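Please explain how this structure is put together, going from its strand pairs to its surface and its pocket.

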Amino acid sequence: MNHSPQAWGRPRDDVYGAYDPSFLHSKGPKAHTSSPIVTGTSVLAVKFKDGVVIAADNLASYGSLARFTDVKRLRTFNRCAVVGFGGDVSDMQYLDRLLLSLDIEETYGSSGHNLNARNLHTYLAKVMYKRRSDINPLWNQLLVAGLDGDDQPFLSSVDLLGTTFSSPTLATGFGAHLAQPLLRKIVDDEAQVTSVTREQAVDAVRECMKVLFYRDARSLDKYSIAVITKDAGVELKEDEKLENQSWAFAEMIKGYGTQTV
């Protein structure tokens with residue numbers, strides 16, 4: 001064996017011949033990601049009469065392991081939009097770099113116009129659909145929250161297929177099953193948005209984050225939350241902790257372990 005530090009553990013070339021790495025090369029077709037490894041879970045958002053509230057926890061799971069506990073999944077764009085990322089973290093980082101270059105181009109461009117939340121959502125929808133058409137999708141579901149060109153609350157979603165839709169309340173991941181029913185109690189349709197205050201929207205989102213921490217094994221009790229309004233722009237808090245947790249409800253759950261009904 002060749003024990004020099006430059007070729008630690010490799011067979012000696014003068015005895016066994018030059019090392020042939022060709023067996024490491026794949027002979028099959030080019031492949032892309034089809035099963036994300038490091039992922040983020042739910043993103044929640046709800047409209048209120050003056051803007052939008054959006055939140056996501058700070059956990060990135062390595063499979064079922066709660067591996068990275070300080071991953072911020074909300075990104076601000078200009079002063080009127082926030083993008084929430086669910087799904088693959090590496091694809092999230094790619095999109096983050098894409099948005100950063102777009103933001104620089106818009107900020108220092110000569111047009112004098114800035115992209116609002118509706119424009120940003122359209123741009124991301126085109127990016128996601130293009131990658132889907134290349135059979136190399138970005139494994140994310142995105143929520144775009146903010147203000148449109150008329151300074152009205154805007155909230156819309158786009159997924160890895162480029163499918164888009166809007167609603168007064170949106171959620172990704174497990175939040176689509178566990179949080180949406182709670183959010184729809186306060187905002188069921190667009191007509192009710194004008195009657196919801198900022199405090200009601202924030203309280204509802206915080207309560208949903210608590211429910212997700214109780215019920216979703218891929219969630220965390222530390223989260224980021226942003227409020228987007230016309231007057232204050234984007235107010236982002238990235239290290240919020242769940243408060244007033246209570247696990248008393250667990251005593252009523254039957255059917256697991258050695259419990260008996």
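**Two hairpins, a patch and a pocket**

In this predicted model, strand 4 (residues 60-62) and strand 5 (residues 65-68) run antiparallel and are joined by two bridges. Tyr62 lies in strand 4 and stands opposite Leu65 in strand 5. The hairpin made by strand 4 and strand 5 has two residues between the strands, and Gly63 takes a positive phi there, near 65°.

Tyr62 also belongs to the surface. Its relative accessibility is 47%. Because buried means under 20% and exposed means over 50%, Tyr62 counts as partly exposed. Together with Ile37, Leu65 and Phe68, Tyr62 forms a nonpolar patch on the surface, and the accessible area of these residues together is about 390 Å². Tyr62 and Leu65 thus appear both as opposite residues and as members of the patch.

A second hairpin is built from strand 6 (residues 74-77) and strand 7, which pair in the antiparallel sense over four bridges. Here Phe77 stands opposite Ala81 in strand 7. Three residues lie between strand 6 and strand 7 in this hairpin, and Asn78 takes a positive phi near 55°.

Strand 7 leads on to the pocket. The largest pocket has a volume of about 350 Å³. It is lined by 17 residues, and the closest to its centre are Thr39, Gly40, Thr41, Gly87 and Gly173. Strand 1 (38-40), strand 7 (81-88) and strand 8 (140-147) are the elements that give two or more residues to this lining. Strand 7 therefore has two roles in this description: it pairs with strand 6, and it gives residues to the lining of the largest pocket.

Note on methods. Residues are numbered from 1 along each chain as its sequence is written. This is a predicted model: local features need pLDDT of at least 70, side-chain atom pairs count only at pLDDT 80 or more; totals for chains, interfaces and linings use all residues. Side-chain values use heavy atoms; hydrogens and water are left out. Two strands pair if DSSP finds at least two bridges between them. Patches are made of residues with over 30% relative accessible area and no salt bridge: like charges are joined within 9 Å, nonpolar side chains (Val, Leu, Ile, Met, Phe, Trp, Tyr) within 5 Å. Accessible areas come from the Shrake-Rupley method with a 1.4 Å probe; for residues, only the protein chains shown count as cover. A salt bridge is a side-chain nitrogen of Lys or Arg within 4 Å of a carboxyl oxygen of Asp or Glu. Buried means under 20% relative accessible area, exposed over 50%, partly exposed in between (1.4 Å probe, protein chains only). On a 1 Å grid over the protein atoms alone, a cavity is a set of points where a 1.4 Å probe fits but cannot get out, and a pocket is an open set with protein on both sides within 12 Å along at least five of seven lines; lining residues have an atom within 4 Å of a point. Grid points are joined across faces, edges and corners, and a volume is the space filled by probe spheres set on the points.
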